[in-house]
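Let's take a walk through this one together, starting with a pocket and ending with some aromatic rings. Have the viewer open as you read.

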Amino acid sequence: MTPKFISTSALAIATMAALPATAETTVRLSTYVNEADIRHEGFTHFAGLVAEKTGGSVKVEVFPSSTLHGWSEGVDALQGGVSDISWINADNRLPCYAVTSLYPALIDLSEQPKLDADYANLIRDEAAAQGLVPLINSNYSYDQEWWFEEPTSDIGKLDGKLVRSIGPLVSMMIEAWGGEPVFVAPKEVFQSAERGVVDGINMGVATYSSWKLWDVMPHMVNANLFYGNIIYMMNKDKFDALTPEEQTAMTEAAAETEVWLQPKYEGWVDEQVAAAVAAGGTEENLSAETSTALIASVKDKWDVTVDEACGADLAGEIRTLLASHAP
């Protein structure tokens, strides 16, 4: 009986050694983008890099289309353990981030990854105080624009139009230009536009295109008014529980993904706009002078809010950073 017992044990050990290593840590990444959006490809690329760099000890699972939580619930989802990595909207618990993650400025995006990384570092301490770690920058300056049912050449004269807003800055702009802001979550914008709940939409072109919104409001104003960065943050306890090597792998994978995705993202957005115009839509491109004037009409008022939320020193650092990336 003894030889047989030893043989069986040896076989079990050999079999276990031959099995592939299983992930020791699973990280749930929540995003509002759907699988038709080019950015979803970016998140799956990120997951692949993490698996490669950690030798499989960390596995990232991607949950698209707000399946884990709604638009405004990123901080709650991370603090409550619903997700481990989530987009963070303009949340009052992150007051400086809330008023600067979308900021009125003309930006040259040729060094976009560095700009985004520098901005994320400026709000890192504020995030840490809420148990969060900035991880992936999702810059949308390139395509945060405006749509209407009819061609519109002057968004500075909204004449009472109900316009979808994503946050306080956009709402203040809409009001300053004579419109009325209406908050609508991304997944609800199609129905809102189709039913006449809004007369206009402010949204990123990528999100707008992936949700097939060109069919309901086909006339775009390409205004180039914003620096924007919806940062995907990670639960700090979850991040700190990783080994130093795994933490480095996560941050490197995020930075590499941003660089990898940027040309694909910009090319995909251009394709979506071109296809919509070919189908009968229009694209009104504002001049730099017009965009500068629109920014000037709201910037001073917004800067008061930024100074209050960030403190004068941090507010000044953010403005200096953005000015260093002006066209």
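Which element gives the largest share of the lining of the second largest pocket? In this predicted model, that is H11, with five residues. Helix H11 (244-278) isn't on its own, though: helix H5 (112-122) and strand S5 (132-139) also give two or more residues each to the lining. The lining counts 14 residues, and Ala117, Leu135, Asn137, Ala255 and Glu258 are the ones nearest the pocket's centre. As for chemistry, you'll find ten nonpolar residues there, along with two polar and two charged ones. The space inside comes to about 200 Å³.

Now for the rings. Searching the whole structure turns up ten aromatic pairs. Take Tyr32 and Trp71: their ring centres sit 5.1 Å apart with the planes at 75 degrees, so this pair is edge-to-face; the cut-off for that label is over 60 degrees. Tyr32 belongs to the loop between strand S1 (25-30) and helix H2 (38-53), while Trp71 belongs to the loop between strand S2 (58-63) and helix H3 (74-80), so the pair ties together parts 39 residues apart in sequence.

Trp71 has another partner, Trp87, and that pair is tilted, at 6.2 Å centre to centre with 35 degrees between the planes. Here the link runs from the loop between S2 and H3 to strand S3 (residues 85-87), with the two residues 16 apart.

Put the pairs together and Tyr32, Trp71 and Trp87 form a cluster. Are its members buried or exposed? Tyr32 is buried at 5% relative accessible area, Trp71 is buried at 9%, and Trp87 is buried at 0%.

Notes. Residues numbered from 1 in each chain as written. Predicted model: local features only at pLDDT ≥ 70, side-chain atom pairs only at ≥ 80, totals over all residues. Heavy atoms only, no water. 1 Å grid on protein atoms, 1.4 Å probe; cavity = no way out; pocket = protein on both sides within 12 Å on 5 of 7 lines; lining within 4 Å. Points joined across faces, edges and corners; volume = space filled by probe spheres on them. Helix = DSSP H or I, 4+ residues; strand = E, 2+ residues; numbered from the N terminus. Nonpolar A, V, L, I, M, F, W, Y, C, P; charged D, E, K, R; others polar. Phe/Tyr/Trp six-rings, centres within 6.5 Å; stacked < 30°, edge-to-face > 60°. Buried < 20%, exposed > 50% of the residue type's maximum accessible area, 1.4 Å probe, protein only.
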